[in-house]
Every structure is written in C-alpha cells, then in structure tokens.
Amino acid sequence: MKKESRSWWAPTLVFALVVPFTLQAGADDDLKPVASVEGITEYRLENGLQVLLFPDRSKQTVTVNATYFVGSRHEGRGEKGMAHLLEHMVFKGTPSNPDIWKALEDHGARFNGTTWVDRTNYYETLPTTDPANLEWALRMEADRMVNSNIAQEDLSKEFSVVRNEFEMGENNPTGILMQRMMSAAYLWHNYGDSTIGNRSDIERVPATSLKKFYKKYYQPDNAMLVVAGDFDPAPTLALIRECFGAIPKPERKLEGTYTVEPVQDGARHVELRRVGDVAACGSAYHISSASHADYPALDVIENILTHQPSGRLYKALVESGMSASVFGVAFGWRDPGLALHMASVRLDSPIEPVMAKMNEIIEGFASTPVTDAEVNRAKNRLLKNIELSMKNSGRIGVQFSEWAAAGDWRLFFLHRDRLESLTTEQVQRVATKYFKPSNRTSGIFHPTRDADRTTVPQAPNVLALVRDFKGKEALSEGEAFEATPENIERRVKRETLPGGIKLALLPKETRGDSVSATLTLRFGSERDIKGRKTALGLVPQMLMRGSEKHSYQQIQDKLDELKASVNIYGGGGMTGAKGSVNASIRTDREHLPAVIDLVGELLRHPTFPTDEFEIVKKEGLAGLEEQLSDPRALGFTSVLRRMNPRSADDVRYIPTVEESVELLKNVDVEDVRNIHKDLYGASNATVTVVGDFDEAAVTAAIKRALGNWKSPKPFRRIVNECATDVDGSIEIIQTPDKKMALVACVSNVPLRDDAPDYPAMHLADYILGASAKSRLLNRLRHKEGLSYGASSAFIADSEDEYALFMSMGICAPQNADKAYAAMIDEIKKLVNDGVGVEELEESKASFAMQVKNRLANDASVARMLNDGLHHGRTMQFYKDMYEKIANLSQDEIRQAMQKHIQPDRLIGVKAGDLQIKAVD
C-alpha cells in the first residue's frame, strides 16, 4: 500500500481524554539501554514497547517506523487479508486526528504502510528543517496505535480499494503461479496464504471483527518503534516515553502461533491456465527460518543460482535462449520459509524443457558442487548491499522491521557476520540438504520409490543468539548541512574541462563517506538518429555487458569489489527521441575515482558481445509481448500516440506495441555497434558529484576517463513540437480476462518550465493529482472507493514549448465509466472553480516540505545540478521557482488552468475487460 501526506493537532489533549497518563516527571532517568549495536540503541518502556534510536545528523530528514508484529501468519479462519485491510484502515484517522493521510502530506512526509507474513509497518520520512515534525510524527503514531476509528463507513469504501489491489495481482499470471505454488507447498501453515487475502473475506469482514483484531495486536507490547536520522537522542527518548509510555500495557496475553508444517513427502505439481502472452514456470523448496544458521548459506545459494550473468540458472536458461528471464528469492521468515525460483518463456519456445532443466540445475549440487569463486562472488555482493544500506539511516530503520519480525533486529548484524564467515563447505552442505525432489513444489511431479525427506529445523532461541552480540564499529557520521538552494549554490563548484566537459562538484561530509554522481552524454542529431531509434535504445542496456578489459561477470565483480552501485540508462525527452545516455553512481570516498575509471571504460570501449545482445533482445521481446494484453501499456500508448501524431519515419513517432515488437526483432548487434561508434563521445558531457570525495582526485579521474573522448558528430538537439490542434476523443480498448482497468486522459500544453505560467500549472497539478492528499486520490479512492491509485502529472520541457498534462486511475473494469467520469469532473472543477484559500495555503506548505525532502537527497541534487549544467542554470532557478509557487494566488492558478487546459479537448482512454457490467 503506497501513501504519503500533513495537519497539526493537539495530541496531548488526546491522551488526556483517551488513556490515563501514569508516568511521573523525571522518570526517564531510569530508562536504560537494553542493547546497543553499531550506533543503534534499544530501549524498552514499561508497557513493553521496543524502541530503537539510530541518530544520523548527515541528512536533514528523520524516519519514524512503527512495526506491529502481526501479519498473515496470525490470521484465522475468515480473517484472511485482515492484517492488510487493517493497514489501510489505520490511515483513516482517529477522533483527534481525523485525516492522517492529509496530515502526513502537510508535514512533507514520504510515507508508506506495508503488510507481510510476520509484521505490519508504517513509516514516514520528514524534513527536520521544521523541528516540530518529529514530535508530530511520534504523537501521531502513538495516537493511531490505540485510537484508530475502524468505522464501518470507512470500511465500506476501503474494501473496494483493497479489492482493486487484489485484482491488480490477478492480472499477473506469474504472480498467481507463485501464489499457487506457495499454497501447494504449505498444507497447514499460514505462509501458504496470500497476504492480500481471500476476496470473500476482504468483502465481508465487518468492522467489529476488524476492530477486535486491531485491539488485540496494535498494542505497545506487540510493537517496535524505530527513529532514525537527524535528531537528538535524549529529548527524543523523553518525548517517546511521554507519548507512548502513557499507553497502558494490555491485560490480554498474546499467544504465539504454533502450527508446524509437516515434512514434505514428495514433489507437488501446480498448473495454471489464464490469458497471457508469456509462459512461466517455477520451483519452490522448504528452507530454514531467517534466524537459523543455515539461512546465510541459502541466501548465497540463491545468488549462485539466479544472479546475472554468473547464475547457474541464468546461464543454463537465459544465455542458452531457453528462457527470457529468471529470478529467485529465499524468503527469510520467523518460521521455516521457502526458496522460490521462476522463469519466463516466450510463447514460441516450449515450457516443459525449461521446467526440467530448472529442476536439474537446482537439484544438481551433489554432482556439480559449489565453487569457492561462486561463494565468494555471492558473499561480496550480499555484503556490499548490506554495507550500502547501513549508509542510509532512513532505509535501514525500515529494514529492521523484517529482522525484528524474524525474531530480533540484531539478526541483521548476526546475518552479516554469518555471511562473512561462511565457507564453501557449509554452502555445499546446505545446498544438498534442502534442494532435492521430495522437497520440491513445481509444475512437474516426480514419484519416488524410496522417500527422501527433508526435516527443516525450527527457529532457534533468538534471544540466546543475540544476547551478547556486540557488532562492529558504527559508521562515521556526516556533517549537519541544511540543504537549501542557497546553501547548495554557495558550496557548489563548477568548471568546464578541456574538451568541453562541464563539471559541478558539491563536497560535504556524509554518513559512511557516501557519494552520489550523475554523468550525462549528449550526442547526434535528428538526421543521425532517424531510422535507428530502436538500436540507439539498446546501447545503454549493452554497455555493462562487456568491455575491452572486462567481461559482464568481471564488471559485476568489480562493482562489488568497489562497493559501488552503477546504473546506465538511456535519456531523452517525453517522446524518447533525444540522443543521450546517463550513468548514476553511488559509492564512497575511497572508491569513487576507480568507479569513474570503470564507467569511462564501459562508455568508451564496450564490445557488445553477440551472446549478451541476444539475451537483451529476448528480454526486451518478452517484456513487449507481455504488454500486448496489458491495459496500462495499451492505454498509455494510445493516448500518447494520439496527442503526438507523427509519420512513422519521424524520430518523434511513438510506435504501437506490435510495431515495437517488430522493430526490435529486426535489430541486430551490428546496428548497435555502429550507432555507438557513429555517435558516442564526451564533447557535450555533464558530470555532477555530491557527497564525500577528494575534489582533485575526482577531477583527475573524470579527465582521465572522458577528457580526450571527442564526439564523432556534433550534438544538435531534436526539437519537440507541441501539437495544439488535436481534437478531443475517447478510445475504448478491450483486454479480455484482465481484472483491472486503466482510465486516463492527456493534453498537450505549449509551455516551457521557465514560462511565467509554469509555477501555477505545477502547483495546480500537485493539487489535482500529484500529491497523496490530491483531489483525484481523495475522490476516486477515499470518497467513492473506485480506484486503488489515481494521479496526475504535468511535465514541461526545459528547451521547447512542449508540456504534457495527464491524469489517470486504475480500477475494476465495471467501475471504468464511473472512474473516468469522476476524473473528468475533478479536472473541470479545478479549471472552472479554481482553488480555495485554505486548500491553496495547505498545498503550498506541504509542497515546500516535499521540496526540502528532495533537496536532502544527494542523488536528487546531483541530477538537478546535472540538468543545470546543460541548461545554463544554477540553483537560483529552483529558488526562484519555489518562491513563485509559495506566492501564487488563487487567480493565477485559475487563469493558468483556464488558459492551458480545455476539458472538452482532452484525449482519453478506457482500457480493460470492459464487457464486465457494473453491479450496484
């Protein structure tokens, strides 16, 4: 469930009225740490609440994460999906805080609520430039822990939203196959039940039953509170005790779940027949709990099997051409979990040989043992990801939810240390123990004369495992830097290097010496790209598949060694017609120069291996063919084609899905090699670096990697011309047997992002559908229960007078007409009636909070600075724009909307199984 919102209230009064305050002033003195590991400290309140504090002053944000140890594992008969439904309902408010969704948005929060098998959690990340934000979040979480309304009126609206979310999953045959396999793998344990629940239970559960479930599990003795980020521990701990300590420990005693899944006594088989365009198969095996000593080896084995390009399944199935893709996961839960592997296969290839080969590879460790190289590679990758996550206090605070639900938050560190000490012999033992036919649930059944069964060990005593655990030295802290446009601009350093590369550096101390960088190459002209767009789009995907010095696998190993995350992707305008490529980098101070050297090698000297090209092509074709019956893909393609009418030979032409399939089929590896040779170069490159780095070393690395790389042809940007003479229309697209529909409408607007009307249009879009308390979301989801998600977007070019206005919603097919009508009605109201004074002021305040969150993100700032280098802008541009938005009047917004949006000329679409009739 995705959410985000604000509002200020008087929570002290709430607790005075609802729960008696039992603590005495000064009682905080006896609140001692229970445990402390690597900068994270645990406390326990007298009512049982577990509190983790993780201070990190390097970012001006703080994350508050409340975890309740209740998930689908705890649901009884008739309660399937109740934990997830309750997650939705807790956002509906309390008597003293009636609109939590809106309140979160008003405080500039990025937030979400999620439900899984062992836990439910709610988190919000807020800017700390407003010191009241943290106190508000803590009081709000304490309030909704025990005072949520759970009213029948709200439930009557929300259950259809949850049902819509359920139907979204029903449109994914691979996801349904996974669920069927899990259901077959677990005969009795609730891990075999879908977290989203049973449709009839979702639709029929009364609010009284849901409230009993809520009062049973949403209590301080069944919860963990994590505060991570920019805060002062001592006063924060005192505030937590004030807010949460006033909640009495309940008299009821929670009993743990006691179902033990019996040993599987033979292979099980599942078949699923549904409409779709890509076949799939899978295998699943019972494994240990996350706390068991075998689990780190299982984590490593999943990497050995499925990671590309070294994975055994990847090599046997994808590189051979048998399968389009593979993936796997070892679910680490409180009770014994499941290792799951899936493969997708295009319809022109048989599925049975893929299934047979998959089982042969997974169950072949006895004859083909794991190697030291495989184990070390997987360990390096997993440990790198753990180290990167530790440098993001907000994210790690949320990750503790999973490990705490598995037994204790310290398992995160214990798992890391177990990984570090893991040997090849241990991995081999675990591989042969769990991965055998009698423990398999798949699409094929293998009877056996002699039973060969696996007894999965139960979860150990976690407290005994972690009682004396100390962990490692905590990561270095960063500086307290207030990320405003003015402060960023005062510190940033810009220069143009010999050869034309534009460079912007923003040095600052960060947690764990982390650093983010963005690199963009711009090349070619309309003439150079004409007829070659498909090949041009494949180049970024191939750049990390092999260079003159490194193979695909060696590149991945090198990035793990350098503790770096690198993503190379194609850029371009809204039509995807502009020639550019971007590289985003995340690493640390020590390794950044070497990472830049590697990225330069990948950009300049790719080899475009033929075998890797065939893999990329197959993956692309499988993805496109899956869109042939997908309502969202077909709907968006329809409106974008109609708003941007072009001849097929125009570089701005948007092909149909069928045309994209044919275009991709007709591209070969030489086309990709030639367009890289003809166009790629660094004469028009921009590079930005934000974080902890050595300025001289980084500048030298950029010069070394790209400085003498001249572009073969001059860069001439492709102009986006705005078609303003397109008549409004609605297209109906039928997608049989798809239980989710798309409704959407778009309009062209001849406007640049520096135009006088842009701030008004930007804020109008925020009010309409770009925020979590938007009009569209409030109408379609909260009030009428028609849609799981509804939103809008206003995207303006920085060089051409070309902007796109779009609104959309997803819904059940039978609700498509109502959802579309409600969406159009909200657009008309905004155009004709404008915005009220209170709504305008609240929207400007919450928008300003979102801006602070954006500026506190180093990767986001790196992208802003990168765009500024290309467009000749400094952070003054953003400062001016934000100030204009803050000073907007009602008349300015109404006049801008009336000038640029004509509701009767909107280009609309309804896509789905629209033959399903609406039922009152």
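How many residues does the hairpin that joins S6 to S7 run through? The hairpin goes through 4 residues, and we'll come back to that part of the chain in point 3. Here are my notes, in the order I'd look at things.

1. **The whole chain.** First things first: this is a predicted model. The chain folds into 34 helices and 24 strands, so expect plenty of labels as you scroll. With 920 residues, a compact globule would have a radius of gyration near 29 Å, and the chain comes out at 28 Å, which agrees. If you'd rather think in box dimensions, the C-alpha trace spans about 70 × 70 × 65 Å along its principal axes.

2. **Inside and outside.** Of the 920 residues in the chain, 60% are buried. What the chain does expose adds up to about 36,000 Å². Carbon and sulfur atoms supply 49% of that area.

3. **Strand S7, a covered strand.** Have a look at residues 120-127, which make up S7. Here 8 of the 8 residues are buried, so the strand is largely enclosed by the rest of the structure. You can check this one face at a time: Thr120, Tyr122, Glu124 and Leu126 sit on one side, with Asn121, Tyr123, Thr125 and Pro127 on the other, and all of them are buried.

4. **The partners of S7.** A quick reminder before we go on: strands of a sheet pair through backbone hydrogen bonds, either parallel or antiparallel. S5 (residues 61-68) is joined to S7 by 8 bridges, and the two run antiparallel. S6 (residues 110-115) also runs antiparallel to S7, with 6 bridges between them. Tyr122 is a handy residue to click on, as it stands opposite Ala66 and is also the bridge partner of Gly113. The hairpin from the opening question is the link between S6 and S7.

5. **Helix H8 and its two faces.** H8 covers residues 207-217, and its buried residues are Ala207, Leu210, Phe213, Tyr214 and Tyr217. Why do they line one face of the helix? Seen down the axis of H8, the buried residues fall within an arc of 120°, so they line one face. Turn the helix round and, on the face pointing away from that buried side, you'll find the exposed residues Thr208 and Lys212.

6. **A sheet of five strands.** The order here is S9-S13-S10-S12-S11, in an open sheet of 5 strands with mixed pairing. S9 (268-269) and S11 (325-330) stand at the edges with a single partner strand each, so one side of each has no neighbour in the sheet. S9 runs parallel to S13 (residues 440-442), and 2 bridges join them. In this pair, Arg268 stands opposite Thr441. Helix H23 (residues 610-626) packs on the sheet, where it touches S10 (278-286) and S12 (338-346). The direction of H23 makes about 85° with that of S12.

7. **A sheet of six strands.** Another open sheet has 6 strands in the order S14-S15-S19-S16-S18-S17, again with mixed pairing. Its edge strands are S14 (493-496) and S17 (565-570), each pairing on one side only. From one strand to the next, the twist averages 10°.

8. **Zooming in on S18.** S18 (residues 580-588) runs antiparallel to S16 (residues 514-522), with 9 bridges joining them. Two of the facing pairs to look for are Leu519 with Ala583 and Thr520 with Asn582. S18 also pairs with S17 in the antiparallel sense, over 6 bridges, and there Ile568 stands opposite Ala583. Is S18 enclosed or open to the outside? In S18, 7 of the 9 residues are buried, so the strand is largely enclosed by the rest of the structure.

9. **One residue to finish: Ser747.** You'll find Ser747 in strand S21 (residues 741-749). Its relative accessible area is 10%, so it counts as buried. Which residues does Ser747 contact, leaving aside its neighbours within four places in sequence? They are Ala803, Leu804, Phe805 and Leu906. For a sense of scale, Ser747 and Ala223 are 524 residues apart in sequence and 47 Å apart in space, C-alpha to C-alpha.

Key. Residues numbered from 1 in each chain as written. Predicted model: local features only at pLDDT ≥ 70, side-chain atom pairs only at ≥ 80, totals over all residues. Heavy atoms only, no water. Buried < 20%, exposed > 50% of the residue type's maximum accessible area, 1.4 Å probe, protein only. Arc of directions from axis to C-beta. Pairing = 2+ DSSP bridges. Contact = heavy atoms within 4.5 Å. Axes fitted to C-alpha atoms, helices over the stretch in contact; angles between N-to-C directions. Rg over C-alpha atoms; globule rule 2.2 N^0.38 Å. Areas by Shrake-Rupley, 256 points an atom, 1.4 Å probe, with all protein chains shown as cover.
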